Amino acid sequence: MHCYGHAFNVVSLGDIMKNATIVLGSPNAKGNTARLAEAMLSAIDNESISIRKIELSKLKRINHCVGCDSCKKNETRKCVFDDGLNDVIAEVRKSDLLVIACPIYFFNFNSLTKAFIDRLFYSSEINNNENLLRGKKVAVLMTYGLTNVIDSGAKNALQSFYDISKFVSLEIIGIVYGSFGDDQEQNELLLNKAKNLGKTINKEILA
Ligand SMILES: Cc1cc2nc3c(=O)[nH]c(=O)nc-3n(C[C@H](O)[C@H](O)[C@H](O)COP(=O)(O)O)c2cc1C
């Protein structure tokens, strides 16, 4: 006697959901950068994209990369400093998208963001042509105090993001930058750009 069973394709939520990590490099949880990030997050399709938000300033302490190369000598590619950033790095490696949100301090991204960037990208690099982050998508949000991208020094941060992305073969899917001031119309324009980035992320990640 033959027994005919039904074959089900079980698709778990984990298979459908995409993962994104947003790393807030500003020490101000309610500052300009966070405001821009919230606008972007408000447009994200939360049913299909699981977003993990990490505030670097809330991590206990962040050591700076010392170039010891320990991360190159172990299979897990973990940094020798087990200070909480390792969990963030592991999270980013599992993500389809990384969003970096940072303020400009002295004509480049602030040092908290730089510490994260050094640790993430150095530990994920296998050699010049291979990287554990290769092919991931990245988006960037930046705020500054001065009036434009040149005078503020955001141009330097932009150049760095372009250089890093090229080196690691990350795909930049959007960058939003600007300053919040007294002009409410300008502020709204900036927030709208961030919302549009959220919509772009939905399209790019779920495509
Ligand atoms: C230490 C420090 C350095 C700064 N350097 C710059 C700068 O070089 N260019 C600029 O346009 N704004 C500069 N700013 C202003 C900040 O980039 C701006 O206020 C930003 O929106 C702050 O973001 P937050 O509210 O998330 O902290 C600086 C602010 C601080 C505290």
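User: Where in the protein is Gly-181 placed?

Analyst: Gly-181 sits in the loop that runs between strand 8 and helix 7. The model is a predicted one.

User: Why is Gly-181 called exposed?

Analyst: Gly-181 has 12 C-beta neighbours inside 10 Å. A residue counts as exposed with 12 or fewer, so Gly-181 falls under that word.

User: How far apart are the C-alpha atoms of Gly-181 and Phe-107?

Analyst: They are separated by 18 Å, while the two residues are 74 residues apart along the chain.

User: Where is Phe-107, and why is Phe-107 called partly exposed?

Analyst: Phe-107 belongs to the loop between strand 3 and strand 4 (108-109). It has 14 C-beta neighbours inside 10 Å. Exposed would need 12 or fewer and buried 20 or more, so with 14 Phe-107 is placed in between, as partly exposed.

User: What is the phi of Phe-107?

Analyst: Phi of Phe-107 is near 70 degrees, a positive value in a residue other than glycine. Asp-69 also has a phi near 70 degrees, again positive and again in a residue other than glycine.

User: Where is Asp-69, and what makes Asp-69 count as exposed?

Analyst: The loop between strand 2 and helix 3 (70-73) holds Asp-69. Within 10 Å there are 10 other C-beta atoms. The limit for exposed is 12 or fewer, so Asp-69 is exposed.

User: Which loop holds Val-66, and why is Val-66 called exposed?

Analyst: Val-66 lies in the loop between strand 2 and helix 3. Its count is 11 C-beta neighbours inside 10 Å. Set against the limit of 12 or fewer, that makes Val-66 exposed. The C-alpha atoms of Val-66 and Lys-114 are separated by 13 Å, with their positions 48 residues apart along the chain.

User: How do you know that strand 3 is mostly covered?

Analyst: Eight of the nine residues of strand 3 are buried. Each of these must have 20 or more other C-beta atoms within 10 Å of its own.

User: What makes strand 1 and strand 3 a pair, and in which sense?

Analyst: Pairing requires at least two bridges. Strand 1 and strand 3 have five, in the parallel sense, so they pair. One of the partnerships joins Ile-22 to Val-99 in strand 3.

User: Why do strand 7 and strand 4 also count as partners of strand 3?

Analyst: Strand 3 and strand 7 share seven bridges and run in the parallel sense; here Cys-102 stands opposite Met-142 in strand 7. Strand 3 and strand 4 share two bridges in the antiparallel sense, with Tyr-105 opposite Asn-108 in strand 4. The requirement is at least two bridges, so both pairings qualify.

User: How many residues lie between strand 3 and strand 4 in their hairpin?

Analyst: Two residues lie between them, and Phe-106 in the turn has a positive phi of about 45 degrees.

User: Which residues of the largest nonpolar core touch the most other members?

Analyst: That core has 47 residues, and those touching the most other members are Val-23, Leu-36, Ala-37, Val-99, Ala-101, Leu-141 and Met-142. Strand 3 gives the largest share of this core, seven residues. Leaving out residues up to four places away in sequence, Leu-36 touches Ala-101, Leu-141, Thr-143, Val-176, Leu-190 and Ala-194.

User: How do you know that the span of helix 7 is close to the expected one?

Analyst: Helix 7 (residues 184-206) has 23 residues, and 33 Å is expected at 1.5 Å a residue. From first C-alpha to last the helix reaches 33 Å, so the two values agree closely.

User: Which residues of helix 7 are buried, and what do they pack against?

Analyst: Leu-190, Ala-194, Leu-197, Gly-198, Ile-201 and Ile-205 are buried. The buried residues of helix 7 pack against several elements, including helix 2, strand 3 and strand 8 (171-178).

User: What surrounds the ligand, and how do the shell residues divide?

Analyst: The ligand is surrounded by 17 residues, the closest being Ser-26, Gly-31, Thr-33, Gly-145 and Ser-152. The shell divides into eight nonpolar, nine polar and no charged residues. Helix 2 (32-42) and strand 3 (97-105) each supply at least two of them.

Notes
Residues numbered from 1 in each chain as written. Predicted model: local features only at pLDDT ≥ 70, side-chain atom pairs only at ≥ 80, totals over all residues. Near = placed C-beta within 6 Å. Helix = DSSP H or I, 4+ residues; strand = E, 2+ residues; numbered from the N terminus. Nonpolar A, V, L, I, M, F, W, Y, C, P; charged D, E, K, R; others polar. Core = buried A, V, L, I, M, F, W, Y, C linked by C-beta atoms within 7 Å. Contact = placed C-beta atoms within 7 Å.
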